[in-house]
Every structure is written in structure tokens, then in C-alpha cells.
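Subject: Structure handover

Hello,

Please find the structure below, followed by notes on what turned up in it. Have a look at the coordinates first, then read on.

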Amino acid sequence: MGNVALAGTAIDSIKVDAEIAKLPASLANAFVPDLAAGGTISGTMSAAGTFAAPKADFKLDWTDAATSQTRLAHLSGLALAASGRFADNRLDFDTNLAGQGGLSLKAAGNVAISGTSVRNLDVKADLANLPAGLANGFVPGLAAEGTVSGTASASGTLPKPAVDFKLDWKNAATAQTKSSGLSGLSAAASGKFANDRVDFDANLGGKDGVLAKAKGGVTIAGTAIRDLSINADVPALPANIANAFVPGLGAEGTLSASAITSGTPANPIVDFKLDWKDAATSHTKAAGLSRLALAATGKYAGDRLDFDANLTGGGGIALKAAGDLSIAGTSIRSVDVTANATNVPAGIANGFVPGLAAEGAVSATVKATGALSAPSVDFKVDWKNAGTSQTKGAGLSPFTIGASGKLAGNKLTVDTSLAGDAGMSLKGGGSVVITGNRAIDMHFTGNLPFAVLGAPLAQQGLVADGVATVNLQIGGTAAAPVINGTVSTNGAKLVDVRRNLAVNNLAATVTFNGSQAVISRLSGNLGGGGTISASGTIGIQPAGGFPADISIKLDKAVYVDGTLVVSTVNGTVGLRGPIASATLSGKLLLDKTSITVPEKLPTSLREIDIRHKNAPRAVLAQMRDNGERKPGEKSSVITLDLEIDAPSHIFVRGRGIDAELGGQVTIRGTAAAPIVTGGFTMRRGRLTILNRRLDFSDKSRITFAGDLTPALDMEATSSSGTTTLTVDVAGLATDPAITFSSSPELPQDEVLAQLIFGQSMSKLSPVQIAQLADAVSQLAGNRSTSLFEGLRNQLGVDDFDVSTDSKGQTSVSVGRYLNDRTYFELQQGGSAGAKAVINLDVGRGVKLRGGAGGNGEGEAGIVYEREY
């Protein structure tokens, strides 16, 4: 309510009284986005006087005051009271904000107004227990805690009044300080603004004393800062405060630093000093580094940063760097830096490259100059006792690497050397362009032990021993390298564990001509006897699939599988086609092959079920991957097309069997799944049980049931009175089954009794029954009692036999192959006395036979054989 006095058409004076009662503060939300004001406003106001010299009194109360920011800071129960008077161009006011927990913000003073502008002011403010969380609404992720108290006063004229302030932040904390484990913090700041200059003094303290402090002044010209004069000092700040800003850093230790800043913001001058004691990060700890200390000093002035840094640690570790950086704005324009490293553990790289497991110590010098976009870098590196998981997995002892070179004009020039145990010595160098098509021009010479290839060879069941002499030139580009030069070795050894093969005194020379690897010399002695040699080419361009054209020659090569077979092989085979799917073809001649039926085998064998309990995750992953891999999945498949020819000299011996066979087989399919067809048929042979000998029939043969394990199908017959007795030897040569049958049919034990003793089981004496049991044990493979095999081996003959005829007379015969076609036999005993017999294989199934006895009798004949 009120009244207005008019003078003509103008207002002469006014008198107004107004009262507000519980006006919702939310009315302001329509004008201030996201304000979310709450509570009610009540108050009174009165105004009187003229427009030229009005007078006004006001009093306002905001009950249950709230905004979005106060709610986010969990402030409640707020009340704001303000009162004041305006008269004679001066505003006097007094405000008070109060809340729970002793929160209080008071401001009082006066402002002199001239027209519409502020002419002078004199204001004082007191703050007590203001929650720092109030700032969280303006700074996401700040998570500030604690309370802020302080005072401030401003007096003088605008726009440059004199201001004094003092602030204290108790129980200070933010998300960063909490994640760094800092607690019990307090911050204090005081200062003054007067005569265009701000002077301040601030410090941050913790439970162990002052952590950081800064003091200085800033001269202001208008709205810009003109001069700086600031001294900052960090006596002891925990380095782990950086962990909140750099995930995974794992910094430890204590930082102390000082900095003196002068000049202007556009051209500041900063002198600094930094010391980091007991320094550590997750990477240095992973590398086993300890007792590290970092010291750095420097100066920034005139867009140039000069620095000198030194890192030292246990074990003589030293890393020094010094130089200057030319800076333009926020980017580095050019560098001139020299760094030296001594005894730095290579293991520091393990934190960046999982599974590297680097060992040894690295010393190096590096000098970099020029523009950062294209610097010129000179370097020299020495890595002693070097090793990684790959070299250790290959069985290599620690070695030494040296390298020096220069990077300039996008071209890297390098000289390297490598030395180690087992004859390792490699030197070389050249250049690599690191832009464009990345041209290469490198040359390497030296010796490399085959142990370098230990891991990949072991995956194929191979073990290599020896040293390769290398002389290689690498040209072309990184995408299409061109290799020239030679790789050779002498006196090397290669063992195929899976196939029981060993090549000794291996000599090879391989020449690279840019597109092919030419095998001009490759020969070696097989561990069992004989030699192997090879020649040919392999394409070395990846796009061509690495085509091979290799001829392999076997000369009296002796193959021993370690269990059943010993064979002497002659012939030539070829490996042709892309190396991943090449075909191995040719014809091989078996000079002499011995298949030994094991005399003694376990009564039973079964697979052992092994389970890995509490297996680590890596092992479980490997087992899962192996289980998912299909049996037929292989990185390469060699196709087979081989013909094996053995007209004779296929000997089968063991468990009373002594037979010679001959024939031909064909091997096709793949190396992983060979398919064998054909077989060997009986030339001559017998089965001896105790003192009884049975001759194998001509239909006896050896086949291969799809793989390379011999399968026996042999039959021997004899007669006892009117009974025909048959012995069958059938099954894999590893453990054939020997069965007995007769016509007319008799039980097997009765057949064995008739066969050996010529009479029924019921008529055998206890001694004969024991002999029969012994014979059964021998045939079952439980023990060996072969006298003949021992005599035959000692005499060095191919056949040795002792027999008894129907009259009880004993005769002895020995036989030996004089060459591939001639078989010579001596017989002693019987009415004829001594006798010599010779068999000559003319060919195409025709054989000549001749004999002469000690009594002057002789014999001659022609034998024709044909298989169908």
C-alpha cells in the first residue's frame, strides 16, 4: 500500500509499503534453468521520498532455502536473512545464511552509488563451516569433502577495490586425494589485492606436516595478468597422488620440488628442481628395480626448456638425460637432447610387453636433434646377458647384442652384432627407409646355432645340433623382401624323435637367388647306417606358396623303428609342389629288412586316465583349445605316392618264426594318414616249436592294414599219423596270435601235443608236459628261449637251422645272401654228409639251383615262380 504525490504530470514524491508472505522460491526456476529453488520467501519493504533522492528499507527471510547445488551437497535446514537501507545514494546491508552443523555465512557493509554505478564500497564477509561438497555440483567427479571457513573484506572504489581474504579448508579431501590414501589434509590461503597487484600465501598440510606451499604476487593490468612472481615449494608430497590421474601407474615414494616463476603469462620464466626419493612404479617393481632416486633441474624461458635429469638405483643403474626443447605454443618444435643409460635391467620392458620375460642389462647413448616431426637420432646400445622367453625356450644361453646407427631423413642406418654360446656370432647392418614402400638394404654374416630353432623344431618332434654359417643380403621392400646369399653347415646332427631317425655329419649349402632357395649340397650319415643326400629348389616368395622341387637319394640307408623293423633302403624320391601340400613320390628298394616279433610282451595294456586337478586358467584354456581342434587339422599335409620293392630279404623272426618273404607295396594317402596296399609273400620259412620244425606254406604273406604296421598272415602244416596239423600266425607283428588246428578236429592242447611229441596229451610224461607248457609260454610271448637266433647272429648268416628227420638223424644248415640275387646254403648231416647248395635268381621268376655233396653227388635244376 502507499501513495504518490503528483505535480502536474510528474511524480513529486512516493510512499510505498510492501509485504511478502511465504512466496514460493520456485517462481525463480522459470528464469534460471536447473536452479530447482525450494522454500518460501517472506519480508517487508518500504520506500519514500522523491525519485531523485529515494529512501528504502527492506527485510527478507528465505525459509527452508534450497537449490539443486545445496541438495547435491546434502545441505539442509538452510535459512537466509537479509536486511538493509538505501538512503542518500548509499546502500547499507546485513545478510546471514545459516544451516545445520554450524554453517554460517555473514556479509555486512555499505555501497555508495552515483547514478547507476557503484562509486565506493566497504564490505566484510565471514564464512564458517561451509561444506566443500557444495562445489561438487559445479565440478563433476570432484567429490570434495570437509568444511571451509574464512573472512574477506573489500573497500575502496570500483573497479579496483582493496581486498583482503583468508580461507581455511579443514578435513580437506577430493576423489584424487582419497584414491591416493591421503588423509587429515588442511589447506589455508590468505592474500591481498591492492594497486593492481595480488599477493598471496597458500599451503597444504597433512598429518605429517606441510605438503606444499606457494607464495608470491601477480600484477594485473585491466583484465590481463602483466607480471608473475611466484615461489612454490613441495617439501614432501606422496607420489601416489598421481595414481588417481594415471590408471595402473602404481607410483610410490616421496616427491619434493621447488619452482620460481617470473615474467608474464605469455612469456614466463620458470626455474624448477625436482627430487623423487624411493621412486617406484608398477613397471619398475615388475622389473625388480629398487632404491631408485630421480633428480631433475631445469629452466623454461623464451619458448625453450633446458633440463638435466638423473635416475639412479641399486646395482649401478644410472640414466641421465640433458638438453633443451624448443616449444611453440603447446607443441614441441625441435629437440637437442643427449641421454645415457647404464645397467638398466631389460626386465623393465616386461611391464609393457606381456610374456616377454626379458633379462640382462642395457647400456646405451642416444642423441636427438632437429624437428620433432623428423629428428636426427644417433644411438648406440649394448645389451649384455640378453634373454627373452623365446630365446630361453629355444635353450639358448644368455648372449650379447650391440647396435649403433642413425635415424635421419626417414632412413634408419644400423650396424649390429650378436654373440653368445654354442658358436653364436652374427654381424651385419644396412639401412631401412621407414616411410613409403619401406625399402630394405641389409647384409648379415656369421654363425647361428640350430638351437635358435629349438622351439619350432621341437613342435615337429625334431632336435638339431650344429651351427649354420650365414651370408645373406636382404633387399627389396618390407612388403616384398628379396633375399640373396648362402646358408651352409658342416658336421651338424638332426634327430627325428617321432620316427626314430638320426642324421649325423650333416652337411648342407643353400643358396638364395632372390626368388628361390637352391639346395646345391645336402648330405648326411644315418645313425643306423647308410647315407642320405638331397638337391633341388624351394621358392621363397610368399605369394607363390613356397613351391618345392627336391630330389632325395637314399644309399644303403638303414631305418630302425626301435621296436619291430630294421630295413636297408636304396632309391630316390622327390618332394614337389607347394611346401604345405607337396607330394612325396618315388621308388625305393629294400635290400634287407628284418621284422622282429617281440619275444616278450605285457599280458595286458590299457590307457591310463590322467586328470589334472586344480589346473591353472592357462592350462584349462590350452586343454579347451586342443579339444576344439579337429584331429585332421594340420598346418601342412604331405601327400604320399611311394612304391616299395623288395623281391626278397624280408625276414620275419621271433617266437620260433624264421621266414623270408618278398614282394611289393604302394604307399599313398598322406604322411598323417598313409594308405598301404600290396604285401610280401613267402619265399621260404619255418616255425620251430621245441625240437619240431614246420615249414610255412607258399600262401603265407605280410600285409599292411592301411598303416605302416606289418600284419602277419602265415600258415605252417605238419602231420602226425593220419592227422594234419596246422599252425596259424596272424595279426599285427607287435603281438601276433598263434593258433593250432587239425583235421580231423582236435582241441588246441591236443594238437600241440601231437605236433611236438607225436602222441596224445594223456600219454605225455610230466617232463613232456613241462616242455609243452614252456613251448606255449614262448609262443605267447612271455619269454624267449631261442638258441638259434643267438647262434645265427654270432655266425653272421641270414639263416641257421637244426632239424631231425623221421629216423632221428639231426642235420644242420646255414645260409647267406652273397648278393641281391645269389643265396648260398651249407648242409651237414644225414646220409649225404656235407652238402653245398646255391640258388641264383635270374629274374622274371626264373631261378637256377645247383648242389654238390661231400660224397661226390651233385644236383642241378631250374625253378620258375609266378605270383598271381
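In which strand does T44 lie? T44 belongs to strand β3, which covers residues 38-49. Bear in mind throughout that this is a predicted model.

Is T44 buried or exposed? Neither label fits: T44 is partly exposed, because its relative accessible area is 41%, and that value falls between the 20% limit for buried and the 50% limit for exposed. Leaving out residues up to four places away in sequence, T44 touches A18, E19, D57, F58 and K59. As for D61, this residue is 17 residues from T44 along the chain, and the C-alpha atoms of the two are separated by 9.3 Å.

Next, the chain as a whole. The chain has 868 residues, of which 30% are buried. Its secondary structure consists of nine helices and 49 strands. Of the contacts with a separation of 6 or more, 38% are between residues 24 or more positions apart. The exposed area of the chain is about 48,200 Å², and 57% of that is supplied by carbon and sulfur atoms.

On the nonpolar cores: the largest one has 62 residues, and I657, F680 and F696 are the residues with the most contacts inside it. Strand β36 (residues 639-654) gives this core its largest share, six residues. A second core, separate from that one, has ten residues, among them A251, L289, A341 and V344.

Which residues is I657 in contact with, once neighbours within four places in sequence are set aside? The list is V597, V652, R686, L687, F696, M714 and V729. One of these, F696, also appears with I657 among the residues with the most contacts inside the largest core.

Finally, a run of paired strands. Strand β9 (residues 145-156) pairs with strand β8 (residues 117-131) in the antiparallel sense, over nine bridges. In that pairing, V148 of β9 stands opposite L130. β9 also pairs with strand β10 (residues 162-173), again antiparallel, over ten bridges. Here S149 stands opposite D168 in β10. The link from β9 to β10 is a hairpin of five residues. When viewing these strands, recall that side chains in a regular strand alternate between the two faces of the sheet.

That is everything for this handover.

Regards

Technical notes: Residues numbered from 1 in each chain as written. Predicted model: local features only at pLDDT ≥ 70, side-chain atom pairs only at ≥ 80, totals over all residues. Heavy atoms only, no water. Helix = DSSP H or I, 4+ residues; strand = E, 2+ residues; numbered from the N terminus. Buried < 20%, exposed > 50% of the residue type's maximum accessible area, 1.4 Å probe, protein only. Contact = heavy atoms within 4.5 Å. Core = buried A, V, L, I, M, F, W, Y, C linked by side-chain atoms within 4.5 Å. Pairing = 2+ DSSP bridges. Areas by Shrake-Rupley, 256 points an atom, 1.4 Å probe, with all protein chains shown as cover.
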